[in-house]
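Thank you all for coming; I would like to spend a few minutes on the charged side chains of one protein and on how they pair. Please have a look at the sequence and the model first.

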Amino acid sequence: MSEAKNVISVMIPTYNEEENARPIYEAVRDEICKSLPQYDYEILFIDNKSKDRTRSIIRQICAEDKHVRAIFNTKNFGQFNSPYYGMIHTSGDCTITICADFQDPVEMIPKFVAEWEKGYKIVIGRKTKSEENPLVYFLRGCYYKTIRKMSNVEMIEQFTGFGLYDKSFIQTLRDLHDPTPFIRGIVAELGPERKEIEYDQPRRRAGKTHNNWYSLFDAAMLSFTSYTKVGMRIAEFFGFGIAFLSFLIGLFYLVAKLVAWNSFRAGYAPTMIAIFFMGGVQLAFMGFLGEYIMAMNTRIMNRPLVVEEERLNFDEPDETNTSHS
């Protein structure tokens with residue numbers, strides 16, 4: 001009787017990826033079978049309510065290959081919740097997360113596994129170059145550097161989540177029950193010693209990217225409110241500074257008026273400037289405060305990460321997370 005092989009799980013999140021779903025499946029399958037024949041594999045698609053033919057293609061793949069599983073969400077639950085939910089519902093000895101658009105090279109899979117076999121529980125890919133929009137790449141780099149300086153947690157620069165995670169760390173993710181998970185921050189904060197492998201990010205193979213300025217801003221605010229206190233600290237210190245400066249200006253005007261009661265006229269200009277300036281400052285920091293409150297509110301409500309519509313090729317009910325949270 002042959003010994004059972006260890007299993008590599010590959011989790012692929014999808015949203016309107018009809019042009020990439022089958023090619024990424026075939027590329028991942030062929031890479032594992034060619035480079036890692038000593039392992040068995042599991043490929044898990046988690047679809048965020050695609051509006052094109054992505055789901056029908058995944059259904060066909062699942063019918064052809066019982067190594068492939070799928071979870072279909074009832075709606076689009078965002079760029080963070082759905083992949084995280086897919087990760088905690090894999091069953092392999094390790095889990096590799098990879099994007100469907102081929103911007104995460106499948107050739108990295110055996111490199112990740114080789115480092116995992118050496119004992120690393122987390123092996124991640126870190127971009128050194130990218131063929132994406134140069135402005136977006138530059139701004140993302142500035143964002144990482146800024147967050148690293150502001151946070152007590154050492155954020156990983158140019159890390160998108162692409163990597164390998166041992167089943168022990170996947171269990172850590174299951175135990176977190178975080179309704180607003182930010183995997184990049186969680187890896188940096190809670191992950192064991194990791195190995196970083198540099199790679200050049202190619203262009204998207206086909207289709208249109210779903211990342212826009214709003215999604216990038218959403219990612220920035222989630223990491224900002226989850227891992228830094230600097231927004232509220234700036235507001236606090238700035239408020240004290242403005243209050244002290246206002247006191248000095250007020251004292252100056254009081255003394256000047258008392259000394260030259262009839263000849264000194266302050267006019268409306270200083271008053272209007274002060275009102276508009278302070279109004280702008282207050283609105284800006286009320287926005288910061290709102291971001292923190294929204295993050296707290298989401299965690300307090302503790303809603304499910306996603307709500308499932310359908311599962312394919314799951315032989316038994318999943319017992320790792322029966323509440324889907």
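Let me start with a question: does R55 count as buried or exposed? In this model, which is a predicted one, R55 counts as buried, because its relative accessibility is 10% and the cut-off for buried is under 20%.

R55 also has a charged partner, since its side chain meets that of E309 in a salt bridge, with 3.3 Å from N to O. The two belong to distant parts of the chain, R55 sitting in helix α2 (residues 54-64) and E309 in strand β8 (residues 308-312), 254 residues apart. Unlike R55, which is buried, E309 is partly exposed, at a relative accessible area of 42%. The pair is also part of a wider arrangement, a network of salt bridges that links D47, K49, R55 and E309.

Turning to a second pair, R126 and E196 form a salt bridge whose closest N and O atoms are 3.1 Å apart. Because R126 lies in strand β5 (residues 122-130) and E196 in strand β7 (residues 194-201), this pair ties together parts that are 70 residues apart in sequence. Here R126 is partly exposed at 21%, and E196 counts as partly exposed at 31%.

A third pair is E308 with R311, where the closest N and O atoms are 2.6 Å apart; E308 is buried at 15% relative accessible area, while R311 is partly exposed at 23%.

To place these in context, the whole structure holds 14 salt bridges, in a protein of 10 helices and 8 strands in which 44% of the 325 residues count as buried.

Terms used: Residues numbered from 1 in each chain as written. Predicted model: local features only at pLDDT ≥ 70, side-chain atom pairs only at ≥ 80, totals over all residues. Heavy atoms only, no water. Helix = DSSP H or I, 4+ residues; strand = E, 2+ residues; numbered from the N terminus. Buried < 20%, exposed > 50% of the residue type's maximum accessible area, 1.4 Å probe, protein only. Salt bridge = Lys/Arg side-chain N within 4 Å of Asp/Glu carboxyl O.
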